[in-house]
Amino acid sequence: PGRPSGGGGRVAFCREGWEGVAGVAVARRCGLLGDFAVQKEASAVVRGLRAGSDFEYEFQMALMNRKLESSVETIFLMPKEEYTYLSSRIVKEIARLGGDVSGFVPSCVVELFREKLRR
């Protein structure tokens, strides 16, 4: 209970969360991101930036990925201001302490947290 169909884990939750969104595919990867993108025939990868500290790291990674595989672009997306403080660590901590995380994650993830707390 609480787990999406087709297996558990982050990939399954991401698939359920993005279900029905045209042009979005969720897949598990091993190895270099550029190699994976080429294998999946993707021309770009999308990365999220919350704060300036994210940008520095992500910019370095994007430049290295471009050097290793020039056919794949990196696209950065900025969150709404109200989500800039969010991180998986913070959401997990709120859930662990019994707080309501339904405004931050898909319903399947809320159910996973509830299941884990019952154990």
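**Notebook: contacts, core and loops of a predicted model**

I began with the contacts in the protein that have a separation of 6 or more, and residues 24 or more positions apart account for 51% of them. I keep in mind throughout that this is a predicted model.

**Overall layout.** I counted the secondary structure next and found 5 helices and 2 strands in the protein, which run α-α-β-α-β-α-α from the N terminus on. For the dimensions I took the C-alpha trace, which spans about 45 × 35 × 25 Å along its principal axes. Of the 119 residues in the protein, 23% are buried. The surface that the protein exposes comes to about 9000 Å², and carbon and sulfur atoms supply 54% of that area. I also looked up the charges: there are 18 positive and 15 negative ones, and their mean positions lie 6 Å apart.

**The nonpolar core.** I then asked which residues make up the largest nonpolar core. It has 11 residues in all, namely Phe13, Leu86, Val91, Ala95, Val101, Val105, Cys108, Val109, Val110, Leu112 and Phe113. Two or more residues of this core come from each of α4 (88-96) and α5 (107-118), and α5 gives the largest share, with 5 residues. As background I noted that nonpolar side chains tend to be buried together in soluble globular proteins.

**Helix α1.** Turning to helix α1 (residues 9-18), I listed its buried residues as Val11, Ala12 and Phe13, and Phe13 is also one of the residues of the largest nonpolar core. What covers the buried residues of α1 includes α5. I checked two further residues of this helix, beginning with Glu16, which counts as partly exposed because its relative accessible area is 34%. Glu16 and Cys108 are 92 residues apart along the chain, and yet their C-alpha atoms are separated by 7.7 Å. The other residue I checked in α1 is Cys14, which is likewise partly exposed, since its relative accessible area is 36%. From Cys14 to Leu86 I read a C-alpha separation of 17 Å, with their positions 72 residues apart along the chain. After α1 comes Gly20, which has a positive phi, near 90°.

**Glu41.** A positive phi also turned up at Glu41, where the angle is about 60° although this residue is not a glycine. I set this against the general rule that most residues other than glycine have a negative phi. Where does Glu41 sit? I placed it in the loop between α2 (33-39) and β1 (44-48). Is Glu41 buried or exposed? Its relative accessibility is 75%, so Glu41 counts as exposed.

**Arg50.** I moved on to the loop between β1 and α3, which holds Arg50. With 38% relative accessibility, Arg50 counts as partly exposed because this value falls between the limits of 20% and 50%. Setting aside the neighbours within four places in sequence, I found Arg50 in contact with Pro79, Tyr83, Thr84, Leu86 and Ser87. I noted Leu86 in that list, as it is also one of the residues of the largest nonpolar core. I looked up Glu81 as well, which is 31 residues from Arg50 in sequence and 8.8 Å from it in space, C-alpha to C-alpha.

**Helix α3 and the aromatic rings.** In helix α3 (residues 52-68) I looked at Asn65, which counts as buried because its relative accessibility is 15%, under the limit of 20%. Asn65 and Lys40 are 25 residues apart in sequence, and I read 16 Å between their C-alpha atoms.

How many aromatic pairs does the structure hold? I found 2 of them. Phe55 and Phe59 form a stacked pair, with 5.3 Å from centre to centre and 20° between the planes. These two residues lie 4 residues apart in helix α3, which means that about one helical turn separates them. Both partners turned out to be partly exposed, since Phe55 has a relative accessibility of 39% and Phe59 has a relative accessible area of 38%. Finally, I noted that ring pairs link Phe55, Phe59 and Phe76 into a cluster.

Note on methods:
Residues are numbered from 1 along each chain as its sequence is written. This is a predicted model: local features need pLDDT of at least 70, side-chain atom pairs count only at pLDDT 80 or more; totals for chains, interfaces and linings use all residues. Side-chain values use heavy atoms; hydrogens and water are left out. Buried means under 20% relative accessible area, exposed over 50%, partly exposed in between (1.4 Å probe, protein chains only). Rings of Phe, Tyr and Trp (its six-membered ring) pair if their centres lie within 6.5 Å; planes under 30 degrees apart count as stacked, over 60 as edge-to-face and the rest as tilted. Contact means heavy atoms within 4.5 Å. Accessible areas come from the Shrake-Rupley method with a 1.4 Å probe; for residues, only the protein chains shown count as cover. Lys and Arg count as positive and Asp and Glu as negative; His and the chain ends are not counted. The place of a charge is taken as NZ of Lys, CZ of Arg, CG of Asp or CD of Glu. A nonpolar core is a set of buried Ala, Val, Leu, Ile, Met, Phe, Trp, Tyr and Cys residues joined through side-chain atoms within 4.5 Å.
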